[in-house]
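Hi everyone, thanks for coming. I'd like to walk you through a structure that may be new to you, so please have a look at it with me.

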Amino acid sequence: MDADAIAEGRRRWQARYDAARTRDADFTTLSGDPVDPVYGPRPTDRYEGFERIGWPGEFPFTRGLYATGYRGRTWTIRQFAGFGNAEQTNERYRTILRNGGGGLSVAFDMPTLMGRDSDDGRSLGEVGHCGVAVDSAADMEVLFRDIPLDQVTTSMTISGPAVPVFCMYLVAAERQGVDPAVLNGTLQTDIFKEYTAQKEWLFAPEPHLRLIGDLMTYCARRIPAYKPLSVSGYHIREAGATAAQELAFTLADGFGYVELGRSRGLDVNAFAPGLSFFFDAHIDFFEEIAKFRAARRIWARWMRDVYGASDERAQWLRFHTQTAGVSLTAQQPYNNVVRTAVEALAAVLAGTNSLHTNALDETLALPSETAAEIALRTQQVLMEETGVTNVADPLGGSWYVEQLTDRIEAEAERVFAEIIERGRRAVGDGEHPIGPVTSGLLAGIEDGWFVGQIAESAFQYQQALEKGEKRIVGVNCHTGSVTGDLEILRVSHEVEREQVRTLAARRAARDDAAVRAALGVLREAARGDGDMIEPMLTAVRAEATLGEICGTLREEWGTYTEPPGF
């Protein structure tokens, strides 16, 4: 790019910056020296390929979505939390908000994630242990007691039974007197990654895609600020994928959901701003920064050039980041504070929109109150003390970072081509009715290709670790320590017994005939091809439980077993 084009780009950026609002804050160094909001080539410089880097706030958004960077608004501190019953988790949420958390993120227990009630025989010993137990709208009501849902954004990390849980959230808002139309938050709902990594599906892919399509349509028309899909790479990376695989598989899943929305007749410029992403921030500092920058650039280009998005908001890749749980160690657990800080800094330097920082004890148990506070304060130290909010994309133009960004982007594009080709070969007429990327995603799920790719990467890393080629402090090097045992959070089995008693009491107090009637209507809707959201809302309002709703759908749609792989 020649000097005149670079200068014109800077003028465009300056106009955007001047028109935007910035925070009333000190944007100087610790020594008191002023710094510019962004840095780039000098006015007389030529920079080959600078159009791929560009300026913050303009296509291809490599350097961020906003001209102001974090000077306009800092990232949202959104700590993932949930344990025991709804009352216990509500207390933790109110503590997070009192201590400066900017939003909430709900962790559900395993029975809830699998669409089972707490009194289901399969739930025994699991209730409240890896998240909060939610059996009905009444639990959701308790979960957000004294937390105004029209003022706090909430993310819910759940996919298989995401739609009925979303309905419970809407009903909890109604019971607060809040108009659901004003709700803002995110529902994960990403079923593709369940088949490739997390393994928490309820049915085969097609019924799930039907529910997700209904949800996208409902939110686009009735709750415009709410994001019904958070396409998740986090679980893919935690399962053992490389950075490039995490990026490619996640964006491909996102393209599949774009195709789903278009197949429903939705305007891409209207529904695409409701898509968000959830990535892992691992321990390789520069690789993670490059991954996030490449993600924005790839998404913007595909949305514009492949899917016809003309509104820049439909080209934006907004993402939440969580530091890497898989990088934490049980050995010398206080080292995890350092790992988390480094990973969080990578996410911030790459322009994450929101962030969760893991607690030092999460490899052993759910976070203790002390560990959760340290995790929260880690973000606040980065935000308030380090100066990282002063300059947008401060590593932009670094030879190393830019080459890493280009390399990861190229690797991702090769994966996209492979996915599309696999889909073409698998479908007799060349394409699934939803779209070509969807064809490849479903083919890769059915033949185990995604699982195999992740497994091979995980195996290669484990080999390198065992040979000492990759090192983890406290595990295969620097193993001497004075660290003693940690006091960890233990969830009493009484939580499960009390949850089961509460569930029984609610069943006894509800109008059983109304529940049966609502589930009957839901069953009929499942047999047809109409909307599923309204009949599900009716069942939830009658206090039908999550297990009853999901059980009704399993009876109609069956279950799913993944193909064996060797």
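Let me begin with a term we need: two strands are said to pair if DSSP finds at least two bridges between them. Keep in mind, too, that this is a predicted model.

With that in hand, let's go to strand S7. Which residue of strand S8 is the bridge partner of Gln 322? That partner is His 356. On strand S6, Gln 322 has Asp 280 standing opposite. S7 therefore has a neighbour on each of these two connections, as the bridge counts show: 5 bridges join S6, residues 275–281, to S7, and the two run parallel; 3 bridges join S7 to S8, residues 354–356, again in parallel. Let me take back that "therefore": the bridge counts simply stand next to the partners I named, and nothing was being derived.

Is S7 enclosed or open to the outside? All 5 of the 5 residues in S7, residues 319–323, are buried, so the strand is largely enclosed by the rest of the structure. In a regular strand the side chains alternate between the two faces of the sheet. In S7, Phe 319, Thr 321 and Thr 323 are buried on one side, while His 320 and Gln 322 are buried on the other.

Now follow the chain onward. S7, helix H13 and S8 make a right-handed β-α-β unit. Helix H13 covers residues 335–349, and Val 342 lies in it. Val 342 counts as partly exposed, because its relative accessibility is 31%. Together with Ile 283 and Val 338, Val 342 makes a nonpolar surface patch of about 220 Å².

S8 also leads us to another strand. S1 and S8 pair in the parallel sense over 2 bridges, with Ile 77 standing opposite Leu 355 in S8. S1 is joined to strand S2, residues 103–107, by 4 bridges, and these strands run parallel too. One of the pairings there puts Ala 81 with its bridge partner Val 106 in S2. Between S1 and S2 the chain passes through helix H2, residues 86–98, in a right-handed β-α-β crossover. As for cover, 5 of the 6 residues of S1 are buried, so S1 is largely enclosed by the rest of the structure.

Just before we leave this region, look at Thr 62, in the loop between helix H1 and strand S1. Thr 62 counts as buried, because its relative accessibility is 0%. The side chain of Thr 62 reaches the backbone oxygen of Arg 52 at 2.7 Å.

Let's turn to charges. Side chains of opposite charge can pair when their charged atoms come close. How many salt bridges does the count come to? It comes to 47, and I'd like to show you three of them.

The first on my tour is between Asp 119 and Arg 507, whose closest N and O atoms are 2.6 Å apart. Asp 119 sits in the loop between helices H3 and H4 and Arg 507 in helix H18, so the pair ties together parts that are 388 residues apart in sequence. Both partners are partly exposed: Asp 119 has a relative accessibility of 36%, and Arg 507 has 23%.

Next come Arg 175 and Glu 543, whose side chains meet in a salt bridge at 2.9 Å, N to O. This pair also links distant parts of the chain, 368 residues apart, with Arg 175 in helix H5 and Glu 543 in the loop between helices H20 and H21. Arg 175 is partly exposed at 34% relative accessibility, whereas Glu 543 is buried at 15%.

My third example stays within one helix. Arg 422 and Glu 418 form a salt bridge, their closest N and O atoms being 3.5 Å apart. Both lie in helix H15, 4 residues apart, which is about one turn of the helix. Arg 422 is buried, with a relative accessible area of 15%, and Glu 418 is partly exposed, with 29%. Elsewhere, salt bridges that share partners join a set of residues into one network, including Asp 117, Asp 119, Arg 507 and Glu 548.

One last stop, back in helix H18, where Arg 501 is found. Arg 501 is partly exposed, with a relative accessible area of 43%. What does its side chain contact? The side chain of Arg 501 makes a polar contact with the side chain of Glu 494, at 2.4 Å. The C-alpha atoms of Arg 501 and Ser 118 are separated by 9.7 Å, although these residues are 383 residues apart along the chain.

That's the tour. Thanks for listening!

Definitions and conventions: Residues numbered from 1 in each chain as written. Predicted model: local features only at pLDDT ≥ 70, side-chain atom pairs only at ≥ 80, totals over all residues. Heavy atoms only, no water. Patch = residues over 30% accessible without salt bridge, like charges linked within 9 Å, V, L, I, M, F, W, Y side chains within 5 Å. Areas by Shrake-Rupley, 256 points an atom, 1.4 Å probe, with all protein chains shown as cover. Salt bridge = Lys/Arg side-chain N within 4 Å of Asp/Glu carboxyl O. Buried < 20%, exposed > 50% of the residue type's maximum accessible area, 1.4 Å probe, protein only. Right-handed = clockwise from strand over helix to strand, strands pointing away. Polar contact = N/O pair within 3.5 Å; in protein donor to acceptor, adjacent residues only side chain to side chain.
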